[in-house]
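Please look through the following model with me. The questions below ask how each label is earned from its cut-off.

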Amino acid sequence: METTEKISGIITILKSEYDWLQDHASFKDGVWRCDITDAEIIMKPVQHPIWENGVEPIGRETKTVYHLYCPRCQKEPEFTPGSPIERDDLIEAPNG
Ligand SMILES: [Zn+2]
């Protein structure tokens, strides 16, 4: 099983993945665990340039976005470092 470093504090994630997390998992003993299998949810840091309204803003910004998936219920998604993400699609969420 893949191991994840302990992540604490505020993390940047996609809103869609955050919504999925709320549906699929619960926060227990310091980690998010799958409601069905109790597997620890993987949070994979990937670097992405942040765009606004479909364009790269002046003063290029790159953020570490944590991609979430369940190692039992899902196949590991393909992550594409360097692919742009819209700022409006992201939220800053407390991990826990
Ligand atoms: Zn699951």
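**Labels and their cut-offs**

In the hairpin of β2 and β3, where two residues sit between the strands, D29 adopts a positive phi near 50°. This is a predicted model, in which local features need pLDDT of at least 70 and side-chain atom pairs count only at pLDDT 80 or more, while totals for chains, interfaces and linings use all residues. Residues are numbered from 1 along each chain as its sequence is written.

Q: What makes β2 and β3 a pair of strands?
A: Two strands pair if DSSP finds at least two bridges between them. Strand β2 (residues 25-28) and strand β3 (residues 31-34) run antiparallel and are joined by four bridges, so the definition is met. Within this pairing, A25 stands opposite C34 in β3.

Q: How do you know which elements the protein has, and in what order do they run?
A: Helices (H or I, at least four residues) and strands (E, at least two) are DSSP runs, numbered from the N terminus. On that basis the protein has one helix and seven strands, and the order from the N terminus is β-α-β-β-β-β-β-β.

Q: Why is the protein called as compact as a globular protein of that length?
A: The radius of gyration, taken over C-alpha atoms, is set against the globule rule of 2.2 Å times the number of residues to the power 0.38. The protein has a radius of gyration of 14 Å, close to the 12 Å that the rule gives for 96 residues, and therefore it is described in this way.

Q: Why is Y69 called partly exposed?
A: A residue is buried if 20 or more other C-beta atoms (placed from the backbone) lie within 10 Å of its own, exposed if 12 or fewer, and partly exposed in between. Y69, which lies in strand β5 (residues 62-69), has 19 C-beta neighbours inside 10 Å and therefore counts as partly exposed.

Q: Which residues is Y69 in contact with, leaving aside its neighbours within four places in sequence?
A: Contact requires C-beta atoms, placed from the backbone, within 7 Å, and by this criterion Y69 is in contact with I42, Q74, E76 and P77.

Q: What makes up the largest nonpolar core?
A: A nonpolar core is a set of buried Ala, Val, Leu, Ile, Met, Phe, Trp, Tyr and Cys residues joined through C-beta atoms within 7 Å. The largest one has eight residues, namely I13, A25, W32, I41, V65, Y66, L68 and C70, and its largest share, three residues, comes from β5.

Definitions and conventions:
Two residues are in contact if their C-beta atoms, placed from the backbone, lie within 7 Å.
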